[in-house]
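Here is a short set of questions and answers on how two helices pack. Look at the structure first, then read on.

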Number of protein chains: 2
Amino acid sequence: MPNYRLTLCYDGTRWKGWQKQGNTEQTIQGKLETLLSRLLDQPVEVAGSGRTDAGAHAKMQVASFRAKTPMSTQEILAGLRQYLPADIGAIDLTQAEPRFHARLSCTGKTYVYRIWNSDLPNVFERNYLYHLHEPLDLRAMRQAAEDLCGTHDYRAFCSLKRFKRSTVRRVEAITIEDLGPELRFVVSGDGFLYHMVRILVGTLLAVGRGQLAPDEMGDILACQDRRRAGETVPACGLCLVDVRY
Amino acid sequence: MPNYRLTLCYDGTRWKGWQKQGNTEQTIQGKLETLLSRLLDQPVEVAGSGRTDAGAHAKMQVASFRAKTPMSTQEILAGLRQYLPADIGAIDLTQAEPRFHARLSCTGKTYVYRIWNSDLPNVFERNYLYHLHEPLDLRAMRQAAEDLCGTHDYRAFCSLKRFKRSTVRRVEAITIEDLGPELRFVVSGDGFLYHMVRILVGTLLAVGRGQLAPDEMGDILACQDRRRAGETVPACGLCLVDVRY
């Protein structure tokens, strides 16, 4: 059966995340499967490059699915654009190689976490930012961010308590862009554990507030204890921006 | 009584416009008056630089009010920021001259109307854009826009059917910025009639589609007939961006 690759974006504010859960249709995956199954008149299963959390966003998410249909990719794409709700956008649809799988073929991803670090309001982007008033020590955060990169067991940065698979990941880079009142954490890696990006950012914020020292990161990684790392920052600031194959 | 000048911004998506109407509190003015009256423990009446329509936005709106209070402007501003909903932002509050009045003292305003002119989705700014698929003749629209500027009776560009006051206004400039798939109409003037900016843009779109000739603008102004001008484009694309005194 022909294999398809779909590039999507979404505003996750009102969604319960990517992954379908039981009967609820309030997930991006569930919504896509329902819509594609109707559009192509057959049961369609959609694989995503990975889950995104409830309330988190994607400027670029990639999904794959198999279907046999007389419709052209342009016709399927037009159907998706017509019937998807306004907060999910179908950017592109192409035929993919037979072995392509959105999750298994994925070699890397980049997330952005946006913080609005000001007393000033930001009403127009409020759903895409985590609003924080306290002053943050950017230099200390940048120093700590370097130590959080590399190939490590990131168990201390994961919300799950039991692990079936390896918790070793490679974080290629964590950069913190200072855009006036906005701080933008850009995190790239080969894969991420559950809540990992949000806990990495929460740990860097603890450094920025002086609650953790910038040179403690190696210890926290080594101890593999979730309680030593920082808070899980809210999902609204998180956005998947790049998926690589 | 001391006089105050408040600078605001708002995402108008879920609001019934600026001006309070009867009992409904779903207006920006109503919300502000309720909040300031509680905060300052006295009845407060708020004047805006002008009304904005239901669903229209403001990056800058100016309001004035009088009150006698032992609170400092910083304290009042902090109270507003604490209690205003996330889609209304208090940018600044200062003491104003005794004669200052947000509407009567206003000498000019600038509105921006944003059109997303593409088949591509724009999920993150969907509430701030009017999404239009058709190709538009930008050169013809720019030519027509010039003829719509100047000091004229803009009765043909107003949704009201009866006029108590003068319908003569001065439009200083209408520029159309081409930002890739986004077209941004920037309209400046000394004041605007009801729906005037939305009808000006709707008329320019009719020119862009070839439904009106670019050299018809003078005739439409002269005939003072609303039916000759274009549609009233949706409020979601409209944003008040500057108020001058």
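Q: Why are H3(A) and H4(A) called oblique to each other?
A: The axes of helix H3 (residues 138-148) of chain A and helix H4 (residues 196-208) of chain A cross at roughly 140°. Angles under 35 degrees count as roughly parallel, over 145 as roughly antiparallel, 65 to 115 as roughly perpendicular and the rest as oblique. H3(A) and H4(A) are therefore oblique. The model is predicted, with local features needing pLDDT of at least 70 and side-chain atom pairs pLDDT 80 or more, while totals for chains, interfaces and linings use all residues. Residues are numbered from 1 along each chain as written, chains are lettered from A and ligands numbered from 1 in written order, and side-chain values use heavy atoms, without hydrogens and water.

Q: Which residues of H3(A) make the contact with H4(A)?
A: On H3(A) they are A:Ala140, A:Met141, A:Ala144, A:Ala145 and A:Leu148; contact means heavy atoms within 4.5 Å.

Q: What puts the buried residues of H3(A) on the same side?
A: The buried residues (under 20% relative accessible area; exposed is over 50%, partly exposed in between, with a 1.4 Å probe and protein chains only) are A:Leu138, A:Ala140, A:Met141, A:Ala144, A:Ala145 and A:Leu148. They cover an arc of only 155° around the axis, so they lie on the same side of H3(A). The arc is that of the directions from the helix axis to the C-beta atoms. The face turned away from this buried side carries the exposed residues A:Arg139 and A:Glu146.

Q: What is the angle between H3(B) and H4(B)?
A: H3(B) and H4(B) pack at about 140°, with axes 8 Å apart, which makes H3(B) oblique to H4(B).

Definitions and conventions
Axes fitted to C-alpha atoms, helices over the stretch in contact; angles between N-to-C directions. Helix = DSSP H or I, 4+ residues; strand = E, 2+ residues; numbered from the N terminus.
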